[in-house]
Amino acid sequence: MKLVYTHPNSIVVAQARSSMELAGIKCIMRNEYASGAIGELAPIDAWPELWVTNDRDFERATLLLEKSHAAIQEADWKCEQCGSVSPATFDFCWHCAGER
Ligand SMILES: [Zn+2]
């Protein structure tokens with residue numbers, strides 16, 4: 001078993017776990033309920049952790065996390081032409097169809 005991911009927010013870790021499960025990678029969460037109240041960060045040794053149960057899935061899991069993490073981090077963007085804000089999944093402005 002290998003530790004593949006840790007983050008102070010258990011929701012983010014749970015999200016990572018679901019993308020793993022979708023890809024057929026078995027994993028478990030530790031310290032799921034260890035973090036503090038909302039807005040309050042737990043000490044790093046109490047961060048929720050995501051472990052892959054099968055060591056040979058480790059590399060695949062890391063790649064998958066890089067991808068899904070990039071997607072999570074991708075923020076809404078603002079159109080340069082009309083100033084409207086579109087979701088990260090849109091390649092064109094919802095308002096004026098201007099390119100991102
Ligand atoms: Zn626009």
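Biologist: How does N9 count by relative accessibility?
Modeller: N9 sits in the loop between strand 1 and helix 1. Strands (E, at least two residues) and helices (H or I, at least four) are DSSP runs numbered from the N terminus. The classes are buried (under 20% relative accessible area), exposed (over 50%) and partly exposed in between, with a 1.4 Å probe and protein chains only. At 33%, N9 is therefore partly exposed.

Biologist: What are the ground rules here?
Modeller: This is a predicted model, in which local features need pLDDT of at least 70 and side-chain atom pairs pLDDT 80 or more, while totals for chains, interfaces and linings use all residues. Residues are numbered from 1 along each chain as its sequence is written, and side-chain values use heavy atoms, leaving out hydrogens and water.

Biologist: How far is N9 from Y33 in space?
Modeller: In sequence, N9 and Y33 are 24 residues apart. From C-alpha to C-alpha, the distance is 10.0 Å.

Biologist: In what order do the 3 strands of the open sheet lie?
Modeller: Two strands pair if DSSP finds at least two bridges between them. Strand 1 and strand 3 pair over 4 bridges, antiparallel. Strand 1 and strand 2 are the edges, each pairing on one side only. The order is 1-3-2.

Biologist: Which residue in strand 3 is the bridge partner of T6?
Modeller: Strand 3 covers 49-52. The partner of T6 there is E49.

Biologist: Which element gives the largest share of the largest nonpolar core?
Modeller: Such a core is a set of buried Ala, Val, Leu, Ile, Met, Phe, Trp, Tyr and Cys residues joined through side-chain atoms within 4.5 Å. This one has 13 residues; V4, Y5, M20, L50, V52, A61 and L65 touch the most other members. Strands 1, 2 and 3 and both helix 1 and helix 2 each supply at least two. The largest share, 4 residues, comes from helix 1.

Biologist: Which residues does A61 contact, beyond its neighbours within four places in sequence?
Modeller: Contact means heavy atoms within 4.5 Å. On that basis, the partners of A61 are V4, M20, I25 and V52.

Biologist: Which residues coordinate the zinc ion?
Modeller: Donors are N, O and S atoms within 2.8 Å of the metal (3.2 Å for Na, K and Ca), water not being among the atoms. The spacing in sequence is C-x2-C-x10-C-x2-C. Each donor is an SG atom, at 2.3 to 2.4 Å. The residues are C79, C82, C93 and C96.

Biologist: How does C82 count by relative accessibility?
Modeller: C82 lies in the loop between strand 4 and strand 5. Its relative accessibility is 32%, so C82 counts as partly exposed.
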